[in-house]
Amino acid sequence: MNLAIGSMFFIFGLVIGSFLNVCIYRIPINKSVVYPPSSCPSCGNRIKWYDNIPVISYILLGGKCRYCKTKISFIYPSIELLTAILTVAIYIKFGLTYQTIAFLVFTYALIVGSFIDLKYYIIPDRISLGLIVVGLSLSYFLPVGIKGSFIGAISGFVILYATAVLGQLLFKKEAMGGGDIKLLSGIGAFIGLKGVLFTLFFSSFLGSIIGILLIIFGKKDLTSKLPFGPYLSLAAICYLFFGNWLIKVLYGV
Ligand SMILES: [Zn+2]
């Protein structure tokens, strides 16, 4: 890794992370993500550029609005940092290539989709269908290629759709939302059939572990609704970085 270029990717990631925060906040309420500029949700004062510097402003302001002193959620700087770290990680893994651009778009969409799903239990079509369209369009540059991308998108849809139908028959309740089905299809468009299978198994594995922990620590009970999008996203991002290694360790193939 070139340190200077790596630092540039980090700063770029922080700035994008700040924009992703705006997307997470505005997409579910159908507001434009570019206009108007951000303002404090409590007092409505416009946030000045010097109070909108990723992570740094949050620290300088002590996590409070400059005007009304309302607490600003630590989720905002966390998403900025997370985005920056993943941006650098993708640069390290894929270098200065078209793949890096494609997987950055992929990761950014998954971050936005996951945090919206955590908050509202929905994955907007703009994210899931957007991923399908962008994944297929960029497939020429992806490791899976054009054919692999189509197969991935179709298999992601079919496998989760079948699971949903089966779940409905067996348990007489909705096991899988339509948003999850479209999201896995979008994931498949980027990482292909092998990626879809990995994402499906690994997200269920992560979901069970985290679900059990949440029940043990009394945050949720067995009847709680848990969004599945964040697990699918986390598993898909794990596949990008350690997929082949994890498949060997977990499944021995
Ligand atoms: Zn305020």
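Q: How close do the axes of helix 4 and helix 5 come, and at what angle do they cross?

A: Two packed helices are described by the angle between their axes and the distance between those axes. In this predicted model, the axes of helix 4 and helix 5 come within 10 Å and cross at roughly 170 degrees.

Q: Are helix 4 and helix 5 roughly parallel or roughly antiparallel to each other?

A: An angle over 145 degrees counts as roughly antiparallel. Helix 4 and helix 5 are therefore roughly antiparallel to each other. On the side of helix 4, the contact is formed by V105, F106, A109, V112 and G113. Helix 5 contributes I127, S128, G130, L131 and V134.

Q: Which classes of residue make up the contact of helix 4 with helix 5?

A: By class, this contact of helix 4 with helix 5 holds seven nonpolar residues, three polar residues and no charged residues.

Q: How is the protein divided into domains, and how far apart are the domain centres?

A: The domain assignment gives domain 1, covering 1–96, and domain 2, covering 98–253. Taken over C-alpha atoms, the centres of domain 1 and domain 2 are separated by 24 Å. The contact between them takes 18 residues from domain 1 and 15 residues from domain 2.

Q: Which elements supply the side of domain 1 that touches domain 2?

A: Two or more residues come from each of helix 1 (3–26) and helix 3 (75–94). Helix 3 gives the largest share of that side, ten residues. By class, the side of domain 1 that touches domain 2 consists of 14 nonpolar residues, three polar residues and one charged residue.

Q: What should one look for in a nonpolar core, and which residues touch the most other members here?

A: In soluble globular proteins, nonpolar side chains tend to be buried together. In this model, the largest nonpolar core has 54 residues, and those that touch the most other members are L20, V112, I187, L232 and A236. The elements giving two or more residues to this core are helix 1, helix 3, helix 4 (98–120), helix 5 (125–137), helix 6 (145–171), helix 7 (178–216) and helix 8 (229–251).

Q: Where does this core lie with respect to domain 1 and domain 2?

A: Both domain 1 and domain 2 give residues to the core, so it lies between them.

Q: Which residues does L20 touch, apart from those up to four places away in sequence?

A: L20 touches I79, T83, Y108, I111 and V112. Among these, V112 is also one of the core residues that touch the most other members, and V112 takes part in the contact of helix 4 with helix 5.

Q: Is Y239 buried or exposed?

A: The test is a count of surrounding C-beta atoms: a residue is buried if 20 or more others lie within 10 Å of its own. Y239 has 24 C-beta neighbours inside 10 Å, and therefore counts as buried. Its place is in helix 8. Leaving aside neighbours within four places in sequence, Y239 is in contact with I191, G195, F198 and T199.

Q: How far is Y239 from Y58 in sequence and in space?

A: Y239 and Y58 are 181 residues apart in sequence, and their C-alpha atoms are 32 Å apart in space.

Q: What backbone features can be read in the loop between helix 1 and helix 2?

A: One may examine the peptide bonds and the phi angles in turn. The peptide bond from Y35 to P36 is cis, with omega near -5 degrees, and P36 lies in this loop, before helix 2 (56–60). N30, in that loop, has a positive phi of about 55 degrees although it is not a glycine. V55, also found there, is a residue other than glycine with phi near 60 degrees.

Q: How are N30, V55 and D51 classed by exposure?

A: N30 is exposed, with 8 other C-beta atoms within 10 Å. V55 has 16 C-beta neighbours inside 10 Å and counts as partly exposed. D51, placed in the loop between helix 1 and helix 2, has 19 such neighbours and counts as partly exposed.

Q: Which residues does D51 contact, leaving aside neighbours within four places in sequence?

A: D51 is in contact with S57, L61 and R66. The C-alpha atoms of D51 and S155, which are 104 residues apart along the chain, are separated by 45 Å.

Terms used. Residues numbered from 1 in each chain as written. Predicted model: local features only at pLDDT ≥ 70, side-chain atom pairs only at ≥ 80, totals over all residues. Domains from an automatic or database assignment. Contact = placed C-beta atoms within 7 Å. Helix = DSSP H or I, 4+ residues; strand = E, 2+ residues; numbered from the N terminus. Nonpolar A, V, L, I, M, F, W, Y, C, P; charged D, E, K, R; others polar. Core = buried A, V, L, I, M, F, W, Y, C linked by C-beta atoms within 7 Å. Buried ≥ 20, exposed ≤ 12 C-beta atoms within 10 Å, placed from the backbone. Axes fitted to C-alpha atoms, helices over the stretch in contact; angles between N-to-C directions. Parallel < 35°, antiparallel > 145°, perpendicular 65-115°, else oblique.
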